[in-house]
Amino acid sequence: MNTAVEKLFLDNASDRHLDWLESEAIHIMREVAAECSNPALLFSGGKDSVVLLRIAEKAFRPGKFPFPLVHIDTGHNFEEVIAFRDKRVAELGERLIVGPVEDSIKRGTVRLRNPQTDSRNAAQAVTLLETIAEYKFDACIGGARRDEEKARAKERIFSFRDEFGQWNPKAQRPELWDLYNTRVHPGENMRVFPISNWTELDVWQYIAREKLELPPIYFAHQRQVISRNGLLVPLTELTPAKDGETVELREVRFRTVGDISCTCPVASDAATVEAIIAETAVTQITERGATRMDDQTSEASMEKRKKEGYF
């Protein structure tokens with residue numbers, strides 16, 4: 001097989017693969033709309049939730065989305081991501097509900113030793129549960145994928161949460177033949193993950209195919225960073241250099257976006273989607289393993305947070 005024919009074959013195979021993933025995600029999104037009485041779509045401005053928005057467009061346009069968009073805002077987000085979030089919501093003309101962690105701190109339901117500098121990432125679980133209770137959501141659609149982390153690999157597509165918002169990995173509902181049990185009692189809810197079966201590479205290939213816009217921090221740029229515990233910590237007011245640490249100006253990009261206090265970039269010169277796809281295809285470290293300080297405390301840290309109500 002010559003090179004041109006081989007490339008055409010691989011491109012067609014990739015398109016068929018993305019078509020299958022997209023079709024499954026659209027089916028799941030429509031299943032939520034049909035079976036759940038008051039769902040919401042979690043939208044942070046990150047790449048996975050950008051993909052979810054495109055899936056929702058394909059599932060429901062030209063009509064409005066049958067659910068609002070919800071962002072649990074730590075107040076410690078990268079400015080570029082929040083600006084992109086607001087721009088994208090305005091373009092879509094959809095409703096955005098913001099649940100600020102700051103409000104939970106003021107209510108006293110979230111307590112931090114230093115609310116101005118401590119990581120608020122884990123505290124999002126409390127604010128999410130409060131937002132679900134306030135608006136009486138019975139389902140929250142999220143962009144988690146099974147390839148991200150060990151605990152997320154245990155998730156069902158429709159992940160049941162009890163009246164306390166907790167997740168029990170040993171008591172999940174079977175999903176044989178793509179049949180989903182969406183029944184919940186008052187106070188219970190579902191977390192729904194339409195792109196569970198996607199990989200990071202699938203996401204980037206879909207972004208390329210659909211020509212989706214992203215926050216600029218996903219692409220290579222110059223940033224001051226500190227080498228710490230094998231990660232590149234961005235230099236910010238929330239993450240200053242410690243005594244004896246050296247601040248470097250490096251070319252980096254973010255593989256995932258989240259709370260500034262726990263999200264790190266990676267060294268990269270990939271400034272285009274195509275370059276990121278090539279880089280992602282050969283990486284051997286998961287995006288959370290390479291970029292999230294909070295996942296390095298222990299292998300069970302994510303599972304513990306999920307049991308307490310985290311995404």
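In this predicted model, the hairpin of S7 and S8 leaves two residues between its strands, and one of them to look at is Asn-229, which takes a positive phi near 55 degrees. Strand S7 covers residues 221–228, and its pairing with S8 is antiparallel, over four bridges. Within that pairing, Ser-227 sits opposite Leu-232 of S8. Strand S8 itself (residues 231–234) is covered on both faces: Leu-231 and Val-233 are buried on one side, and Leu-232 and Pro-234 are buried on the other.

The hairpin belongs to something wider. Four strands make an open sheet, in the order S8-S7-S9-S10, with antiparallel pairing. S8 and strand S10 (266–267) are the edge strands; each has a single partner, so one side of each has no neighbour in the sheet. On its way through the sheet, S7 is also joined to strand S9 (residues 247–253) by six bridges, again antiparallel. Here Val-225 faces Glu-248 of S9.

The chain has a second sheet to explore. This open sheet has six strands, lined up as S3-S2-S1-S4-S6-S5, and its pairing is mixed. The edges are taken by strand S3 (96–100) and strand S5 (158–161), and since each has a single partner strand, one side of each is left without a neighbour in the sheet. On average, neighbouring strands here are turned by 30 degrees against each other, direction ignored.

Walking through part of this sheet, strand S2 (residues 69–73) runs parallel to S3, and five bridges join the two. One residue to find there is Ile-72, whose bridge partner in S3 is Gly-99. Helix H2 (residues 47–60) packs on the sheet, where it touches strand S1 (39–42), S2 and strand S4 (139–141), and its direction makes about 135 degrees with that of S1. S2 also pairs with S1, in the parallel sense, over two bridges, and Leu-69 of S2 is the bridge partner of Leu-41. S1 runs parallel to S4 as well, with three bridges joining them; Pro-39 stands opposite Ala-139 of S4. What about the side chains of S1? Pro-39 and Leu-41 point one way, Ala-40 and Leu-42 point the other way, and all are buried.

Next comes helix H3 (residues 79–92). Its 14 residues reach 20 Å from the first C-alpha to the last, close to the 20 Å expected at 1.5 Å a residue. The buried residues of H3 are Val-81, Ile-82, Phe-84, Arg-85, Arg-88, Val-89 and Leu-92. Looking down the axis of H3, these buried residues fall within an arc of 160 degrees, so they line one face of the helix. The spacing fits a simple rule: an α-helix has 3.6 residues a turn, so residues three or four places apart point the same way. The buried residues of H3 pack against H2, S2 and S3. On the face turned away from that buried side, H3 carries the exposed residues Glu-79 and Ala-90. Just after the helix, Gly-93 takes a positive phi of about 70 degrees.

Another spot to pick out is Glu-22, which lies in helix H1 (residues 3–35). Is Glu-22 buried or exposed? The cut-off for buried is under 20% relative accessible area, and Glu-22 has 11% relative accessibility, so it counts as buried. Its side chain makes a polar contact of 2.7 Å with the side chain of Tyr-206. Leaving aside residues up to four places away in sequence, Glu-22 touches Ile-55, Lys-58, Trp-198, Tyr-206, Arg-209 and Glu-210. Tyr-206 is itself buried in helix H7 (residues 200–210), along with Glu-200, Asp-202, Val-203, Trp-204, Ile-207 and Glu-210. H7 is followed by Lys-211, which has a positive phi near 55 degrees.

Stepping back to the whole chain, there are 10 helices and 10 strands. Of the 311 residues, 52% are buried. As for contacts with a separation of 6 or more, 73% of them involve residues 24 or more positions apart.

Notes
Residues numbered from 1 in each chain as written. Predicted model: local features only at pLDDT ≥ 70, side-chain atom pairs only at ≥ 80, totals over all residues. Heavy atoms only, no water. Pairing = 2+ DSSP bridges. Axes fitted to C-alpha atoms, helices over the stretch in contact; angles between N-to-C directions. Contact = heavy atoms within 4.5 Å. Buried < 20%, exposed > 50% of the residue type's maximum accessible area, 1.4 Å probe, protein only. Expected span 1.5 Å × (residues − 1). Arc of directions from axis to C-beta. Polar contact = N/O pair within 3.5 Å; in protein donor to acceptor, adjacent residues only side chain to side chain.
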